[in-house]
Amino acid sequence: MAVTRREFIAGSATGAAGLVVGGVLGKTLSDEGDGASGPSGLTGDANSVAEARGLSPAEVVQALKTVVPPGRPDMDEFYILSSGGHSGQILVMGVPSMKIKKVVGVFTPEPWQGFGFGNESDGLLAEGTTSAGGPSTSAHRYLSWADTHHPAISETEGEYDGRFVYINDRANGRIAMVDMRDFKTKQIYDVPNLQSSHGGVFVTQNTEYAHISTKTPTLIEGADPATSLENFADVYRGYSTFLAVDQETGRFDLARSFQVELPPYTQDLADSGKLVSHGWVFLNSYNSEMATGGNLEGKPPIEVGASANDFDYMHIINWQKAEQVVGSRSVVINGMRVIPLDVAVEEGILFLAPEPRSPHGVDVSPDGGYLCVAGKLDPYVTIYSFEKMLAAIEAQDFEKRDQYGIPVLNYDSVVSGRVEVGAGPLHTQYDADGHGYTSLFLESAVAKFTLGEPYFSGDQAYKLVDKVPVHYNIGHLCTMEGDTTKPQGKYLIALNKWSIDRHSPVGTLNPQNFQLVDLGGEVMEVLSDTPIGMAEPHYVQAIRADRIKAWDLYPPGTNPLTMQPDPNAVAQGEERIERDGNRVEVFMSVTRSQFKPDILRLNQGDQVTLHLTNIETTPDATHGFAIPRHNVSVSLDPGEYTRIDFVADVQGSFAMYCTEFCSALHLEMQGWMLVA
Ligand code: K7E
Ligand code: CUA
């Protein structure tokens with residue numbers, strides 16, 4: 001029998017996120033029944049509004065759990081940093097509101113941030129294109145798109161510390177670093193020996209390293225591409241890359257970085273050990289068959305070939321050991337120190353463990369003791385024990401060696417439990433109480449299960465305890481800080497690939513659908529749907545809002561690329577134009593509501609450098625700077641310095657202007673560039 005809305009308000013609804021709604025709400029709402037009305041045309045108290053909008057009691061509770069009222073930003077307890085998929089960017093959103101706070105330009109030009117339109121970010125994008133694999137073959141000067149997949153927030157003791165975030169480019173084997181003080185990209189690194197990368201991105205427990213590995217194996221230097229697929233096992237290799245992190249700047253210290261050579265099994269998702277498993281990393285692979293396709297050449301397609309064996313291999317890498325031997329036993333390939341496969345085996349750096357065929361996620365539990373592997377084609381989550389792995393390694397409990405001589409640990413010796421969760425399991429995250437949450441792609445659901453000791457024992461361990469449907473085709477999921485040593489529980493976000501009927505129609509390309517799921521109650525409950533209208537996000541990490549220490553102003557004259565005052569920045573009164581032959585340097589200040597100088601007199605062919613400094617000291621007093629027909633659009637936050645280089649090769653009069661509506665006289669914030 002349906003509960004009327006009035007009964008709901010008077011009665012009591014309990015729910016999750018630890019909220020109890022009932023008497024108090026009923027009283028407050030009734031007491032406020034003063035007939036206030038707004039432009040929506042809705043009048044009366046909360047009961048009447050709920051009734052007029054046709055909201056069920058459950059929907060009212062869902063809304064109350066997620067609403068962030070005007071002026072109460074602190075009610076978003078968490079930030080999520082989401083990959084922007086093939087937009088190449090990062091999305092920043094609030095939880096539980098699920099409102100988008102920012103799109104961060106990472107690998108793709110982002111005009112509103114002036115990213116890739118004439119300021120130094122152009123250089124950043126170009127630098128991220130040429131260090132490996134040769135220059136871009138596209139018409140652009142640089143690769144101007146990417147497929148961002150896996151963000152990795154920096155960690156201290158296995159907890160997010162809110163300093164940096166790393167993210168990979170699935171398409172081109174690159175990795176970027178974003179500084180969380182200003183949420184801007186500082187470095188893009190085109191990783192040598194990686195043509196593409198997928199799920200192998202994470203940081204080690206204290207951000208000693210940012211890790212990125214190959215997806216599709218790379219053709220080794222000098223091998224003939226034409227015959228390479230016939231000799232696949234010999235001429236292709238995977239690489240596990242450890243990029244040492246400079247703790248001050250978050251940048252990669254390439255002199256201390258290295259790779260471990262891997263067999264060409266198509267390494268996929270990966271995770272870092274933590275606490276008891278600190279010092280180790282774990283990578284799945286899904287094509288130990290080394291199938292290469294050829295469906296028009298009379299061979300099975302890759303999807304069939306890669307699923308022939310019952311088992312694939314988890315790669316178990318001891319990076320602390322690798323760190324010790326890299327100085328003496330590595331070779332340099334394309335500028336990167338590489339520990340060859342045979343050395344990795346000899347030194348006890350690399351082991352394999354069988355895993356049910358075509359695995360997807362491998363996710364380390366908060367205590368570091370378990371690894372949950374989800375099987376894609378297998379309805380189970382297979383739970384490995386790190387302790388058992390160590391014991392098997394020590395006892396040389398190997399079932400065989402693979403064709404490259406890598407020891408394969410005995411499956412039965414390292415698996416501690418299996419849980420049947422449902423169809424198409426992909427990724428697992430955790431709460432603080434020993435539960436795993438696994439996304440079920442084929443079933444469009446999230447399954448919740450229990451881990452073993454020390455969390456659950458006897459019958460209670462390795463049990464499916466709850467399941468909630470999601471809409472639809474979930475890929476990753478994310479519990480709050482759920483891949484760290486300190487999961488926060490509370491909410492889960494389902495990253496759904498399909499949305500069909502969940503949003504108003506916007507044409508034939510549907511948005512992805514983020515669903516917020518409440519973890520606070522007896523059973524999981526979906527609270528909201530959020531369309532992501534700009535990309536297909538893959539992984540998301542959720543960090544407690546109070547861990548973010550973002551700046552609201554730059555110190556005067558800061559160059560965001562260095563985060564230091566730039567020698568070419570100006571203070572008020574230092575504005576000038578310096579000419580030396582056809583070299584022209586302009587030192588311009590930018591403030592409400594003028595550019596100074598506001599007239600640039602140039603000769604055709606002049607080589608021009610504009611040094612722009614926003615001299616504002618008021619938060620949010622951002623200005624833009626655009627030159628028509630020159631593809632120049634920069635954004636200058638208060639205190640920010642940037643630089644633009646170009647050749648004034650077109651005669652004419654060009655009206656420069658500010659692109660941010662910064663003041664009442666914003667339209668007057670303009671100037672002239674005269675090229676004669
Ligand atoms: Cu499963 Cu790129 Cu992490 Cu997508 S990957 S789902
Ligand atoms: Cu500055 Cu508009």
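**Note on the strands, ligand shell and empty spaces**

1. In strand E47, Gly652 has Val675 as its bridge partner. This pair belongs to a predicted model. Gly652 opens strand E46, which covers residues 652-657 and runs antiparallel to E47, with six bridges joining the two.

2. Strand E47 also pairs with strand E41 (residues 599-602); here the two run parallel and four bridges join them. Within that pairing, Arg601 of E41 is placed opposite Leu674 of E47.

3. Which side chains of strand E47 are buried, and which are not? Along residues 670-675 the side chains alternate between two faces. Gly671, Met673 and Val675 point to one face and are buried. Gln670, Trp672 and Leu674 point to the other face and are not buried. Val675, the partner of Gly652, is thus on the buried face, whereas Leu674, which stands opposite Arg601, is on the other.

4. An open sheet of four strands has the order E5-E4-E3-E35, with antiparallel pairing. Strand E5 (100-104) and strand E35 (540-544) are at the edges; each has a single partner strand, so one side of each is left without a neighbour in the sheet. On average, neighbouring strands of this sheet are turned by 20 degrees against each other, direction ignored. Strand E3 (residues 78-83) is joined to E35 by five bridges, and Ile80 is found opposite Ala542 in E35.

5. Another open sheet of four strands has the order E21-E22-E23-E26, again with antiparallel pairing. Its edges are strand E21 (362-364) and strand E26 (415-420); each has a single partner strand, so one side of each lacks a neighbour in the sheet. Neighbouring strands here are turned by 20 degrees against each other on average, direction ignored. Five bridges hold the antiparallel pair of E23 (residues 380-385) and E26, and Ile383 stands opposite Gly417 of E26.

6. Which residues are around ligand 1? They are His149, His150, His198, Leu269, His360, His427, Gly475, His476, Lys497 and His538. By class, this shell has one nonpolar, eight polar and one charged residue. Strand E6 (148-156) and strand E31 (474-480) each supply at least two residues of the shell.

7. The largest pocket holds about 900 Å³ of space. Its lining has 36 residues, and Lys102, Asp182, Lys184, Tyr554 and Asp637 lie nearest the centre. The lining divides into 15 nonpolar, 10 polar and 11 charged residues. E5, helix H5 (121-130) and strand E9 (184-190) each give at least two residues to it. The largest share, three residues, comes from E5, which is also an edge strand of the sheet in point 4.

8. How many cavities of 30 Å³ or more does a search of the whole structure find? The search finds one. The largest cavity has a volume of about 200 Å³. It is lined by 22 residues, with Val201, Phe202, Asp271, Asp483 and Tyr539 nearest its centre. These 22 residues comprise 10 nonpolar, seven polar and five charged.

9. The lining of the largest cavity takes at least two residues from each of E6, strand E10 (202-203), strand E15 (267-272) and E21. E6 gives the largest share, five residues. E6 also supplies at least two residues of the shell around ligand 1, and E21 is an edge strand of the sheet in point 5.

Technical notes:
Residues numbered from 1 in each chain as written. Chains lettered and ligands numbered in written order. Predicted model: local features only at pLDDT ≥ 70, side-chain atom pairs only at ≥ 80, totals over all residues. Heavy atoms only, no water. Near = heavy atom within 4 Å. Nonpolar A, V, L, I, M, F, W, Y, C, P; charged D, E, K, R; others polar. Pairing = 2+ DSSP bridges. Axes fitted to C-alpha atoms, helices over the stretch in contact; angles between N-to-C directions. Buried < 20%, exposed > 50% of the residue type's maximum accessible area, 1.4 Å probe, protein only. 1 Å grid on protein atoms, 1.4 Å probe; cavity = no way out; pocket = protein on both sides within 12 Å on 5 of 7 lines; lining within 4 Å. Points joined across faces, edges and corners; volume = space filled by probe spheres on them.
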